[in-house]
Amino acid sequence: MSRVWIAGGRVLDPASGIDRVADVVIEDGRIGAVGSGVEVSGAEKVDATGCWVTPGFVDLHAHLREPGQEYKEDIASGGRSAVAGGFTLVCCMANTQPVNDDPAVTDYILDRARNDSPARVLPIAAATKGLEGKIMTEMAALQRAGAVAFSDDGHTIMDGAVMRRVLEYARMIGAPVSVHAEDRHLVGQGVVNEGPASTRLGLPGNPAAAETVLVARDLLLAELTGAHLHVGHVSTAGAVDLIRAARERGVHVTAEVTPHHLALTEDATLGYDTNTKMAPPLRSKADVEACRRALAEGVIDAIATDHAPHAPHEKDVEFTAAPPGVLGFETAYAVVMDLVRAGEISPIELVARLSTGPARVFRQPYGSLAKGAVADVAILDPDREWLYDPLKGYSKSHNSPWAGGTLRGRPVVTLVGGRIVYDVERGVVAP
Ligand SMILES: [Zn+2]
């Protein structure tokens, strides 16, 4: 029997409500016991004194770029970057080349993940063929192949009738539909939030209403169909209010927010740094505050990275020409720890939004340190200060607004299925 003994850490398990200093014993890939003063023989011991011991993080929204854009990222590099950030399960979006709208692509991703990624990887399949918003994919076949949800992320299904059919079919097969809610016509050429920042920068603005309008439509369609709508990367106070109201009247809706939309306002774009260009864009202070509050309240279930690698030659262009998106895995924990330090959310609630919450959204059997649970575990040093240099990270790309900054809070050990796959001193150690 293989045993790992994680000793002396602050165990934070939202699934069982535990928040106390204890030892965690892992036996043959599963949680054996959580307790104090346990005597463990023949175990690999990990000293977690001063650290948090939590379920591994679950990311509902990442771009691993394989197949087709391996110069930006691939499943191996993305998986390494994920475990270095404490993520043990990553759900990857369908906007690859070819698009994941065919079970053969879903199979390919799962096969690559099994062989090359230290993190678990589960594919999200496209809702419509070619992400064109016109013809539904064969959702049941994609689900049988292993797709955990459906999304045209990067694009919005602008035709309400198509969206309704997608939701009806998803409900029938019991799958969530994750949406990138931005009205393409309202976005227009917008590249930053419409408001003072777009005026000062002299760049076309993307109004908050572009998101809010689509969230309103999709909530109404979720209510009409009874489907499970998951709102991706919420960025506006208006969307938060609509989601809160829909939840209160019983609509099956869940939501996620990214670390960058929790931490940065549109002011970050004022230097024309293309590493502050995202879709949806960084918003106003009031929007950021609304998202932070909604996360703390649980109106937003999950923190999702929207990890979106782009090569230097793509980002190193003028603001309007650069593709939107930033890296997410390795900085996520440090960035969102700011909410704990500001007293806006408790440690166990933050851990819930990173692990138990997202696992529940996509109905995955992870995000728990209960006896018998799969031993996907993150050990986190909440106070460790470190200089973030993306060149020393695991992603193939380096596009991060936090590049060169000193961050506080760092994952130090990550275990997947009871096996240590990352250690801050040794780096990624498997596969
Ligand atoms: Zn998106």
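Helix 13, which spans residues 347–354, is largely enclosed by the rest of the structure, because seven of its eight residues are buried. Here, buried means under 20% relative accessible area, with exposed set at over 50% and partly exposed in between (1.4 Å probe, protein chains only). The buried residues of this helix are Pro347, Ile348, Leu350, Val351, Ala352, Arg353 and Leu354. Helices (H or I, at least four residues) and strands (E, at least two) are DSSP runs, numbered from the N terminus. The model is a predicted one, in which local features need pLDDT of at least 70 and side-chain atom pairs count only at pLDDT 80 or more, while totals for chains, interfaces and linings use all residues. Residues are numbered from 1 along each chain as its sequence is written, and side-chain values use heavy atoms, with hydrogens and water left out.

A good place to go next is the metal site. The zinc ion has three protein donors named here, Asp153 (OD), His180 (ND1) and His233 (NE2), at 2.0 to 2.2 Å from the ion. Donors are N, O and S atoms within 2.8 Å of the metal (3.2 Å for Na, K and Ca), and sites may look incomplete because water is not among the atoms. Along the sequence, the spacing of the donor residues reads D-x26-H-x52-H. Asp153 sits in the loop between strand 9 (149–150) and helix 4 (160–173), and His180 in the loop between strand 10 and helix 5 (184–187), so the pair ties together parts that are 27 residues apart in sequence. Asp153 and His180 are both buried. His233 also counts as buried, at 1% relative accessibility, and belongs to the loop between strand 13 (229–231) and helix 8 (237–248). Its backbone has a positive phi of about 25°, although His233 is not a glycine.

His180 turns up again in the description of empty space. The whole structure contains one cavity of 30 Å³ or more, with a volume of about 80 Å³. Among the 13 residues of its lining, the closest to the centre are His155, Ile157, Ser178, Val179 and His180. A cavity is a set of points, on a 1 Å grid over the protein atoms alone, where a 1.4 Å probe fits but cannot get out; lining residues have an atom within 4 Å of a point. Grid points are joined across faces, edges and corners, and the volume is the space filled by probe spheres set on the points. Strand 10 gives the largest share of the lining, three residues.

Aromatic rings offer another view of the interior. Rings of Phe, Tyr and Trp (its six-membered ring) pair if their centres lie within 6.5 Å; planes under 30 degrees apart count as stacked, over 60 as edge-to-face and the rest as tilted. Six aromatic pairs result. One of them is the tilted pair of Phe57 and Tyr333, 6.1 Å centre to centre with 40° between the planes. Phe57 lies in strand 6 (residues 57–62) and Tyr333 in helix 12 (residues 332–341), so this pair ties together parts that are 276 residues apart in sequence. Both Phe57 and Tyr333 are buried, and they share one aromatic cluster with Trp52, Phe87 and Phe329.

Finally, the backbone has some features to look for. Cis peptide bonds join Glu66 to Pro67, with omega about 10°, and Gln97 to Pro98, with omega near 0°.

Note on methods. 1 Å grid on protein atoms, 1.4 Å probe; cavity = no way out; pocket = protein on both sides within 12 Å on 5 of 7 lines; lining within 4 Å.
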